[in-house]
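Here are two short exercises to work through with the model open. Try each one before you read its solution.

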Amino acid sequence: MSSAFDRGLLTTYLRPQLRRAVLLAVLLLAGIALQLANPLIARSFIDGAQAGRPSAQLLRLAAMFTTVALATQVATIAETYVAVDLGWRATNALRVDLTRRVLELDYSFHTAHNPGELVERVDGDVSAIAGFFSRFVVHVLGNAVFLLGVVAVLLTVDWRIGALMAAFAAVALVVMSRAGGFVGRRSRLARVAAGSLSGFLEERLGGLADLKACGADAYALGELHQHMDARYATTRSSVLAASSFSASVSMLFVAGTGAALVLGAALARSGAVTVGTVFAVVRYTTMLRYPLEQLSRQMNSLQQAAGGIVRVRELLDTERQIVDGPGATLPSGPLSFEIDSVTFAYGKKPVLRDVSLRVEAGEVVGVLGRTGSGKTTITRLLFRLHDVGAGAVRIGGVDVRSARLDELRSRVGLVTQDVQLFEGTVRDNLALFDRRVPDERLLAVLSELGLDEWLGRLSEGLDTILGSGGAGLSAGEGQLVALARVFLADPGIVVLDEASSRLDPATERLLDRAVTRLLDGRTGVVIAHRIPTVDRADRVVVLEGGRVVESGSRADLAADPGSRFAGLRRLGLTGALA
Ligand SMILES: Nc1ncnc2c1ncn2[C@@H]1O[C@H](COP(=O)(O)OP(=O)(O)OP(=O)(O)O)[C@@H](O)[C@H]1O
Ligand SMILES: [Mg+2]
């Protein structure tokens with residue numbers, strides 16, 4: 001916990017909000033002072049009434065009491081507003097920094113951390129920290145000051161009463177934070193059970209088609225019962241614990257108020273204090289309940305926020321491995337590339353072993369190989385999503401490690417095996433939310449690629465919403481969008497990792513046309529699962545187990561009866577290499 005505070009996460013994000021923080025402190029102290037004042041006004045009223053003071057004086061006291069009560073409420077509302085505002089302003093900046101860091105981090109980081117986990121960091125933990133700002137200041141500090149204030153006022157009223165209340169508050173705080181910890185643990189268990197039930201439902205509903213296809217509904221229902229049992233048991237125990245807690249606290253305060261009354265009555269009888277003072281003391285005792293309850297509760301949330309701060313700090317401190325090179329510039333136009341004796345492993349198991357491949361500018365090379373042979377991995381190295389273990393990848397004669405990443409990636413266009421469509425219009429999906437790209441350019445690209453008819457079939461043209469809830473696209477149509485995206489970026493090398501799913505003949509024709517246009521005047525790497533795609537290649541490379549096992553012109557390989565490529569062609573299978 002301390003390390004997070006040492007590194008100044010809080011000060012970094014709080015400093016720009018200093019004025020709000022000061023305002024909050026002022027409001028908080030004002031609210032506390034007003035709250036402490038009111039029982040004393042009531043005391044004067046009661047004592048004044050007993051002593052037969054004039055009505056005008058009593059009325060003034062009553063008006064003062066009401067005004068102070070009203071002002072207390074106003075201060076509380078203002079204080080809550082400023083606290084929440086402060087918490088969110090400070091942590092929004094943190095959210096932005098975290099999101100930027102997550103976006104920057106290497107591909108390998110993202111394969112090791114699932115999106116849910118990162119959402120939890122960027123939103124869950126940060127919300128806990130936002131709560132920490134408001135809760136810590138308002139509840140913990142505010143209530144602690146209030147508690148001390150009550151004890152101080154009571155000590156000035158009568159030291160015996162002050163001492164009794166100080167002792168009562170100390171005992172109550174210890175008992176309540178112990179019990180509060182127990183209640184907190186129960187409610188955490190209930191939350192975990194609720195989370196696993198909703199996770200279960202999400203996954204099962206997401207996989208409904210497969211589940212039904214396998215006739216596994218009954219099994220899924222059985223599992224649902226288990227999850228609901230767990231949720232029921234933990235929720236029941238959590239609710240029970242919470243209500244026992246508040247019942248016990250009520251009893252504790254009945255005892256405390258009783259003690260205050262007994263002591264007050266004795267002191268009033270001996271003439272040491274007035275009846276008004278006894279009233280004020282009883283009022284203060286009941287006023288202790290809220291801050292004590294908050295203090296005992298907030299200890300748990302503080303621990304959670306501290307955990308969040310440590311995790312957020314860790315993420316902010318995560319450095320990327322793949323960083324910009326010194327900035328060697330790549331030549332313009334189509335780019336040659338060379339994979340030079342490259343060895344690469346994701347973990348320990350080597351995926352590429354001593355792979356060498358040279359492709360001239362403007363040449364199109366087809367890469368074939370059975371599933372898992374390392375085809376997609378090669379595309380990731382060209383895009384520098386990973387760095388090679390040994391050897392080098394050069395593009396246009398420049399080692400990819402010496403170019404700037406944005407330059408490199410703007411010159412290499414990548415169409416991945418499973419294209420990601422974003423929730424947005426066709427326009428957004430083509431230009432990747434870049435509003436500066438005019439519609440005319442998008443339409444020109446689509447028409448160049450022969451996709452204007454396809455666009456015409458969409459209900460609202462460029463404004464058609466894609467993604468969940470919008471128009472669904474087939475795998476092939478997704479690839480069409482991705483091709484247009486790459487065409488728009490006008491790269492020197494196009495890497496096409498073809499989807500292995502079967503396409504309908506019409507989409508297939510569209511794709512072929514678009515690919516031909518895209519590869520025209522560019523260097524191409526096509527990872528092919530279909531004959532027409534391979535036919536476009538000047539040269540074919542066959543990968544197996546991370547090694548290049550065959551390489552040559554398409555015509556030569558097809559003519560050589562011993563070639564695997566020729567065999568596959570005869571079977572009409574290129575992707576399987578079975
Ligand atoms: N992100 C990753 N982390 C760890 N291992 C990986 C990762 N991606 C791929 N691999 C492993 O690397 C090997 C090669 O995978 P790759 O995706 O390059 O195969 P592929 O030839 O593209 O297969 P397919 O034809 O099915 O697309 C496989 O054994 C795979 O399990
Ligand atoms: Mg692949």
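**Exercise 1: Place a lysine**

K375 sits in helix α12, residues 375-382 (helices are DSSP runs of H or I, at least four residues, numbered from the N terminus). The model is predicted, so local features need pLDDT of at least 70 and side-chain atom pairs pLDDT 80 or more, while totals for chains, interfaces and linings use all residues. Residues count from 1 along each chain as written, chains are lettered from A and ligands numbered from 1 in written order, and side-chain values use heavy atoms, without hydrogens and water.

Task: work out which partners K375 has.

Step 1. Check burial and charge: K375 is buried and has no salt bridge. Buried is under 20% relative accessible area with a 1.4 Å probe, protein chains only; a salt bridge needs a Lys or Arg side-chain nitrogen within 4 Å of an Asp or Glu carboxyl oxygen. The nearest oppositely charged side chain, D497, is 6.7 Å away.

Step 2. Look for polar partners: the K375 side chain reaches the backbone oxygen of G369 at 2.8 Å.

Step 3. List contacts (heavy atoms within 4.5 Å): beyond four places in sequence, they include V367, R370, I527 and H529.

**Exercise 2: Map the ligand shell**

Task: find which element gives the most to the shell around ligand 1.

Step 1. Ligand 1 is surrounded by 15 residues (a heavy atom within 4 Å), with K375 and Q417 among the closest.

Step 2. Tally by element: α12 leads with 4 residues.

Step 3. Add atom pairs: a polar side-chain atom of T371 is 2.5 Å from a ligand 1 oxygen, and one of R380 is 3.2 Å from a ligand 1 nitrogen.

Conventions. Helix = DSSP H or I, 4+ residues; strand = E, 2+ residues; numbered from the N terminus. Buried < 20%, exposed > 50% of the residue type's maximum accessible area, 1.4 Å probe, protein only. Lys, Arg positive; Asp, Glu negative; His and termini not counted. Polar contact = N/O pair within 3.5 Å; in protein donor to acceptor, adjacent residues only side chain to side chain.
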